[in-house]
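Hi everyone, thanks for making time for this. I'd like to walk you through one structure, so please have a look at it on the screen before I start talking.

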Amino acid sequence: MSRLEAQLQQARAALSEDLGIGQIYGRLLRVTGMVLEVSGCRLILGQRCRIETDGGGELEAEVVALDREQALLMPLTAPTGLFTGARVRPCPSDASLAVGPPLLGRIVDGLLRPLDGLPLKAGQQIPWRAPIANPLWRQRVSEPLDVGVRAINALLTPGKGQRMGLFAGPGLGKSVLLGMMARYTRAEVVVVGLIGERGREVREFIDDCLGPEGRAKAVVIVAPADQSPLLRVRAAESCHRVAEYFRDQGKDVLLLMDSLTRFVQARREIGLAVGEPPVARGYPPSAFSALTELVERAGNGHRPEGSLTAFYTVLAEGDDQQEPVADAARAILDGHIVLSRQLAEQGHYPAIDIGASISRVMSKVTTEQHWLQAVQCKRWFSLYQQVRELLPLGGIQAGKSVDTDEAIARYPGLQQFLQQQEGEAINLEQSLRALALLTGGKDA
């Protein structure tokens, strides 16, 4: 052994075994609104970072865009205490979430940190971003899911693994309807995402709409409107990762996300902040691609056990069903339920317009008899709506149209069938018996 080699061995032995590898830091160059410009270290798109603040703490941020030698970050919380030249410490790129049964009955934020003031037991670590499922490996939608709402069970029957949209303007009772489904569904696990809602409505939904009965088997993930757009986006993604975990454990999962519109708006804020051009009413292209990627995470997996059924609320601004988000969502979802302001003003709740609503997989999860009875009810509803305004004026003469006369005669019973009290649970079997009685046919 040479003298040089002996000296190197002595130097290695003298080093402490606990001596860590050197940390490379970046530097904060500029803050523009919610966008932080950083250079000086290698950063990966989507990677988390910690930025030192004036008070000695750290601000957590995430890389949302890359621009030549600079990285553009967006903070998860309000960017306070930042200063030029602040050190930026990259975090490990393999971010993960702790999931598992301890989440049931809990209220957490977009990073699955508890909001109810109670400790949260550690769960199984899963990657933040799961690989995209091969569409040929997915199980087909072949069984109905009981959601406990008669109008949906009987006339818009959802299947296990279906993605449905709940289209509604403000004040039409969508939160109440979601709460009813969360409490009365036969699904074993319910994941509720409150994305971009007002803080007051979050507490009201949990206490009044969800209640102790629904909360016991639910995971509630909250990202109110006053939080950063990045955290709102992460909360929506966390909803799907948690739901995917329980689905892969063999559970029937119902995902209720309110709302898909707020998620797209948060993506719009991020896209415009980093310089993307708006293409449709101020929405950049990335907002709609993110919408598709998010919705495609729901549905059945490759295992025959377990399912993931999703209901997304879509806010129709000014009751416009053709605005960009509503139009894009309708194209990629497996059906839509439309809440009508006209019905709500008549005190008709839930205010479901069955003529404008459809379930694209209903024929695959119901019997032929059930399908024909549902079609008949939708026909009566449509015919009655066409002549409704003429009835008080005497503009409809009996005997002119047999179908119209039958629709007018049947409508009071149909109207009663479609309404349901908030505290009333009606399972699928009861819904089908009531449907058979209404149409005068055999039990489906």
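**A pocket, a hairpin pair and some contacts**

Helix 4 makes the biggest contribution to the lining of the second largest pocket, supplying five residues. Before I go on, please keep in mind that this is a predicted model.

Let's stay with that pocket for a moment. The second largest pocket has a volume of about 490 Å³. Its lining is made up of 22 residues, and the ones nearest its centre are K174, S175, E197, R198 and E201. Which helices each supply at least two residues of that lining? They are helix 3 and helix 4, the latter spanning 199-215. If you like to think in residue classes, the lining of the second largest pocket has eight charged, five polar and nine nonpolar residues.

Now to the strands, with strand 4 in the middle of the story. Strand 4 covers residues 58-67, and seven of its 10 residues are buried, so the rest of the structure largely encloses it. On one side we have strand 3, residues 48-52, which pairs with strand 4 in the antiparallel sense over five bridges. If you want a spot to find on the screen, look at C49, which stands opposite A61 in strand 4. The hairpin of strand 3 and strand 4 has five residues between the strands, and G56 there takes a positive phi near 90°.

Strand 4 has another partner, strand 5, which is residues 70-75. These two also run antiparallel, and six bridges join them. Here the position to find is V63, whose bridge partner in strand 5 is L73. What lies between strand 4 and strand 5? Just two residues in a hairpin, with R68 in the turn showing a positive phi of about 55°.

As you trace these strands, here's a general point to have in mind: along a regular strand, side chains alternate between the two faces of the sheet.

On to charged contacts. How many salt bridges are there? The count comes to 27, and I've picked three pairs to show you.

The first on my list is D146 with R186, where the closest N and O atoms are 3.8 Å apart. This pair links distant parts of the chain: D146 sits in the loop between strand 9 (124-127) and helix 2 (150-155), while R186 sits in the loop between helix 3 (174-184) and strand 11 (189-195), 40 residues apart. Is D146 buried or exposed? It counts as buried, because its relative accessibility is 6% and the cut-off for buried is under 20%. R186, at 49% relative accessibility, counts as partly exposed.

Next comes R163, which forms a salt bridge with E296, the closest N and O atoms being 3.4 Å apart. R163 belongs to strand 10 (residues 163-168) and E296 to the loop between helix 7 (285-295) and strand 14 (307-315), so this contact ties together parts that are 133 residues apart in sequence. R163 counts as buried at 9% relative accessibility, and E296 counts as partly exposed at 38%.

My last pair is D403 and R379, whose side chains meet at 2.8 Å, N to O. D403 is in helix 12 (residues 402-418) and R379 in helix 11 (residues 368-387), with their positions 24 residues apart in the chain. Here D403 counts as partly exposed, at 35% relative accessibility, and R379 is also partly exposed, at 41%. There is a network to point out as well: R48, E60, E62, R234 and E237 are joined by salt bridges that share partners.

Finally, the rings. The structure holds four aromatic pairs. One of them is Y283 with F288, a tilted pair at 5.6 Å centre to centre and 55° between the planes. Y283 and F288 are both buried.

Then there is Y384 with Y411. Why is this pair called stacked? The ring centres are 3.7 Å apart and the planes are at 5°, and planes under 30 degrees apart count as stacked. Y384 lies in helix 11 and Y411 in helix 12, so the pair ties together parts that are 27 residues apart in sequence. Y384 is buried, and Y411 is buried too. F381 joins in here, forming one aromatic cluster with Y384 and Y411.

That's my tour, and I'm happy to take questions!

Methods. Residues numbered from 1 in each chain as written. Predicted model: local features only at pLDDT ≥ 70, side-chain atom pairs only at ≥ 80, totals over all residues. Heavy atoms only, no water. Salt bridge = Lys/Arg side-chain N within 4 Å of Asp/Glu carboxyl O. Helix = DSSP H or I, 4+ residues; strand = E, 2+ residues; numbered from the N terminus. Buried < 20%, exposed > 50% of the residue type's maximum accessible area, 1.4 Å probe, protein only. 1 Å grid on protein atoms, 1.4 Å probe; cavity = no way out; pocket = protein on both sides within 12 Å on 5 of 7 lines; lining within 4 Å. Points joined across faces, edges and corners; volume = space filled by probe spheres on them. Nonpolar A, V, L, I, M, F, W, Y, C, P; charged D, E, K, R; others polar. Pairing = 2+ DSSP bridges. Phe/Tyr/Trp six-rings, centres within 6.5 Å; stacked < 30°, edge-to-face > 60°.
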